[in-house]
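Me: Could you walk me through the nonpolar parts of this one? I'd like the reasoning behind the labels too.

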Amino acid sequence: MSSPRKKQLEKRLGYLGFAMAEKAFLRKDPIRAERSGMRLGNLTFKVMKKRRNVALANLRLAFPEKTEEERLAIAQECFRHFGRIFADFLRSSQRTDEEMRQTTRLTDMRYFDEALKEGKGAILITGHFGNWERAAHAIVAAGYKVTVVARDANDGDLNQAVMKIREKQGIQVLSRGSAARGIFTKLKKNEIVAILPDQNSSDIFVPFFGRPCGTVTGPAAIHARTGAPIIPFFCKRVGPNQYDARAYPPLKPLEGYEPVEGMTRAINNAIEAAIRETPEQWLWFHDRWKSARKAGLL
């Protein structure tokens with residue numbers, strides 16, 4: 001089979017697998033869905049050696065003081081956690097706003113209220129930590145307008161399926177590759193724009209867990225141009241089908257650096273602080289330091 005045809009087949013199978021999984025999980029209650037997701041995470045940890053090794057390598061960089069056994073335990077629980085939240089996402093089409101309010105506690109939303117009084121909108125900064133999909137739904141259920149900047153899936157059908165789930169929850173989505181104009185429009189309307197800047201980039205190299213790390217400068221540059229406050233927000237799992245979604249005070253650029261670099265450093269610090277509290281809820285199997293290694297910084 002030629003490579004293009006093979007890729008098309010892989011994409012089709014990926015979409016069909018997602019559709020079948022969604023149908024199966026929509027029949028489960030939240031607790032049963034989590035348990036099934038945890039088993040899926042355990043299986044993934046066992047069979048996906050490459051991702052398991054990436055997670056352990058990242059954990060060695062971030063937590064050199066921990067033993068290998070401790071890092072292995074964090075990695076395994078990380079896979080279980082992402083199995084749970086994948087299951088949670090698959091059944092989210094039937095989750096009502098009322099169910100969301102009963103299972104996700106919103107804390108310190110005054111920081112968004114204060115920011116929106118300024119009339120410049122607000123930039124929500126979070127990461128692939130806890131349950132970021134549920135975080136957006138929780139904000140919408142509380143009566144706010146939020147637009148998420150997200151990377152498109154490689155497969156068009158799969159991307160449409162994911163978009164449909166998000167839109168059913170009242171979440172608007174901008175494609176990361178062409179989001180700039182949409183972001184400025186939303187901020188001018190005094191709305192909230194959510195960005196996840198915790199994946200590998202080569203825009204700038206600033207510390208993350210004490211190591212040089214390629215990081216996007218987009219959120220800091222948008223803040224510099226619009227004056228929209230940057231507010232960290234994280235949705236941490238605290239028990240079976242229970243989450244704490246918490247806003248934090250607007251960030252200020254670190255002193256001693258030009259504004260965009262100073263703010264980018266502050267963003268990394270805020271994300272790192274959240275991860276350190278519950279390290280097993282972050283995406284360790286993403287190759288976060290890839291650009292830094294290629295640049296010879298590690």
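Reply: Sure, here are the cores and a surface patch, with the reasoning; keep in mind that this is a predicted model.

Me: Why is Phe112 called buried?

Reply: Its relative accessible area is 0%, and the cut-off for buried is under 20%, so Phe112 counts as buried. Phe112 sits in helix α6 (residues 110–117).

Me: What makes up the surroundings of Phe112, leaving out residues up to four places away in sequence?

Reply: Phe112 touches Ala122, Leu124, Tyr144, Ile192, Ile231, Phe233 and Ala247. As for Ala247, it lies 135 residues from Phe112 along the chain, yet their C-alpha atoms are separated by 7.8 Å.

Me: Which residues have the most contacts inside the largest nonpolar core?

Reply: Phe112, Ile183, Ile192, Phe233 and Trp284, in a core of 74 residues. Helix α11 (residues 259–277) gives the most to this core, seven residues. Ile183, for its part, touches Val149, Leu174, Val193, Ile195 and Ile222, again not counting residues up to four places away in sequence. There's also a second, separate core of nine residues, Phe25, Ala87, Val162 and Ile165 among them.

Me: Why is Leu43 called partly exposed?

Reply: Leu43 has 48% relative accessibility. Buried needs under 20% and exposed over 50%, with partly exposed in between, so Leu43 counts as partly exposed. Leu43 is in helix α2 (residues 30–47).

Me: What makes Leu43 eligible for a nonpolar surface patch, and which residues make that patch?

Reply: A patch residue needs over 30% relative accessible area, and Leu43 is at 48%, so Leu43 clears that cut-off. Leu40, Leu43, Val47 and Met48 make the patch, which is about 350 Å².

Note on methods. Residues are numbered from 1 along each chain as its sequence is written. This is a predicted model: local features need pLDDT of at least 70, side-chain atom pairs count only at pLDDT 80 or more; totals for chains, interfaces and linings use all residues. Side-chain values use heavy atoms; hydrogens and water are left out. A nonpolar core is a set of buried Ala, Val, Leu, Ile, Met, Phe, Trp, Tyr and Cys residues joined through side-chain atoms within 4.5 Å. Buried means under 20% relative accessible area, exposed over 50%, partly exposed in between (1.4 Å probe, protein chains only). Helices (H or I, at least four residues) and strands (E, at least two) are DSSP runs, numbered from the N terminus. Contact means heavy atoms within 4.5 Å. Patches are made of residues with over 30% relative accessible area and no salt bridge: like charges are joined within 9 Å, nonpolar side chains (Val, Leu, Ile, Met, Phe, Trp, Tyr) within 5 Å. Accessible areas come from the Shrake-Rupley method with a 1.4 Å probe; for residues, only the protein chains shown count as cover. A salt bridge is a side-chain nitrogen of Lys or Arg within 4 Å of a carboxyl oxygen of Asp or Glu.
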